Amino acid sequence: MRGPASAKPQAPVPLAGCARLLATCPDRPGIVAAVSGFLHQRGVNIIHSDQHSTDPEGGRFFMRQEFFLHGLEGGIEDLARDFGREVAARYQMDWSVVLSGRKKRVAVFVSRLDHALMDLLWRVGRGELHAEVPLVISNHPDLRSAVEAFGVRFEHVHVPEALDAPHGPARGKSLAVPEEKMLALLDGLPGGPVDLVVLARYMRILSPAFVKRFPRRIINIHHSFLPAFEGADPYRRAAERGVKLIGATAHYVTGRLDKGPIIEQDVIRVSHRHRLDELKILGRDIERQVLSRAVRWHLEDRVLVDGNKTIVFA
């Protein structure tokens with residue numbers, strides 16, 4: 001299947017001395033000049049720049065810049081401090097500066113289906129995703145040997161299915177114990193905390209309290225083209241409706257089920273000839289591609305959130 005026009009070949013590993021600046025603020029004249037001038041005064045070479053305005057009058061402005069400076073690793077904190085004082089404060093920016101060369105640490109949550117998980121681990125091992133995966137957590141023990149074959153730690157944390165309903169008085173209490181175990185595993189990882197949590201077909205609901213620990217840092221792959229067929233069993237419901245397109249959606253997780261900001265989507269055409277099991281096979285291939293693109297863009301700091309939407313500089 002042909003990929004979308006936005007798909008790009010594998011990028012090289014970021015060079016030493018490279019960093020990324022992400023910023024969003026109320027739109028007004030002079031923002032690009034101020035940022036570029038600040039970097040120019042410090043001898044920085046801007047190697048890539050993207051910007052977007054939601055509305056030139058009263059809208060929001062979004063910017064992503066990649067830049068290079070010899071020895072930047074030793075001076076990144078000073079540069080960030082000065083940028084905050086001289087530019088960000090003046091333009092009321094939400095912003096960050098990160099070194100491109102540092103591998104982000106990713107924890108993956110999974111249930112029994114392994115296609116999305118195995119694809120991520122394979123891409124990390126191949127260097128296609130500039131990340132490391134120190135931990136996989138599952139509510140089933142089935143995938144332990146497959147995960148450990150990649151040299152990745154696997155932990156089984158049981159979440160009782162009967163107590164994982166999206167509503168009801170027992171929900172919060174039932175999730176508290178397994179989520180405490182998961183947080184303890186994440187907090188106790190050698191090498192420091194994780195930068196991102198990926199739900200690679202993790203078929204359990206996370207509590208709002210858990211999600212708040214990782215704001216805009218939990219990515220879920222949902223096996224439908226949202227907002228169609230939210231919630232459970234979307235392939236069956238799609239087959240019952242006789243849809244002609246099935247798809248997958250990668251989105252940030254919020255406290256509202258399947259309603260977080262969408263990062264990436266894709267579809268494939270189907271027909272009345274496809275049985276339910278065939279829809280699932282076709283759909284899982286789309287899920288792998290959509291999730292890997294969304295994770296890549298997050299790792300490369302290409303995603304900025306605008307309310308319940310995203311700006312993706314892909």
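This briefing describes a sheet, a helix pair, a buried residue and a hairpin in the structure above. The model is a predicted one. Its seven-stranded open sheet has mixed pairing, while helices H1 and H2 cross with their axes within 11 Å of each other, and strands E12 and E13 form a hairpin.

**The open sheet**

- The seven strands follow the order E7-E6-E5-E8-E9-E10-E11, and the pairing among them is mixed.
- Strand E7 (153-156) and strand E11 (262-269) are the edge strands, and because each has a single partner strand, one side of each is left without a neighbour in the sheet.
- Averaged over the sheet and with direction ignored, neighbouring strands are turned by 20° against each other.
- Within this order, strand E8 (residues 196-199) pairs with strand E9 (residues 218-222) in the parallel sense, over three bridges, and Val-197 stands opposite Ile-218 in E9.
- Helix H3 (residues 115-126) lies across strand E5 (104-110), strand E6 (131-138) and strand E8, and the helix runs at about 155° to E6.

**Asn-220 in strand E9**

- Asn-220, a residue of strand E9, has a relative accessibility of 9% and therefore counts as buried, the cut-off for this class being under 20%.
- When residues up to four places away in sequence are not counted, Asn-220 touches Leu-199, Thr-249, Ala-250, His-251, Val-253 and Asp-258.

**The pair of helices H1 and H2**

- The axes of helix H1 (residues 31-41) and helix H2 (residues 72-91) come within 11 Å and cross at roughly 160°; because angles over 145 degrees count as roughly antiparallel, the two helices are roughly antiparallel to each other.
- The crossing of H1 and H2 is right-handed.
- On the H1 side the contact is made by Ile-31, Ala-34, Val-35 and Phe-38, and on the H2 side by Leu-79, Asp-82, Phe-83, Glu-86, Val-87, Arg-90 and Tyr-91.
- Eight of the residues in this contact of H1 with H2 are nonpolar and three are charged, with no polar residue among them.

**The E12-E13 hairpin**

- Strand E12 (residues 303-306) and strand E13 (residues 309-312) pair in the antiparallel sense over four bridges, and the bridge partner of Val-305 in E13 is Thr-310.
- Two residues stand between E12 and E13 in this hairpin, and Gly-307 in the turn has a positive phi of about 65°.

Definitions and conventions:
Residues are numbered from 1 along each chain as its sequence is written. This is a predicted model: local features need pLDDT of at least 70, side-chain atom pairs count only at pLDDT 80 or more; totals for chains, interfaces and linings use all residues. Side-chain values use heavy atoms; hydrogens and water are left out. Two strands pair if DSSP finds at least two bridges between them. Axes are lines fitted to C-alpha atoms, for helices over the stretch in contact, and angles run from 0 to 180 degrees between N-to-C directions. Contact means heavy atoms within 4.5 Å. Angles under 35 degrees count as roughly parallel, over 145 as roughly antiparallel, 65 to 115 as roughly perpendicular and the rest as oblique. A crossing is left-handed if the near helix is turned anticlockwise from the far one by less than a right angle, and right-handed if clockwise. Ala, Val, Leu, Ile, Met, Phe, Trp, Tyr, Cys and Pro count as nonpolar, Asp, Glu, Lys and Arg as charged, and the others, Gly among them, as polar. Buried means under 20% relative accessible area, exposed over 50%, partly exposed in between (1.4 Å probe, protein chains only).
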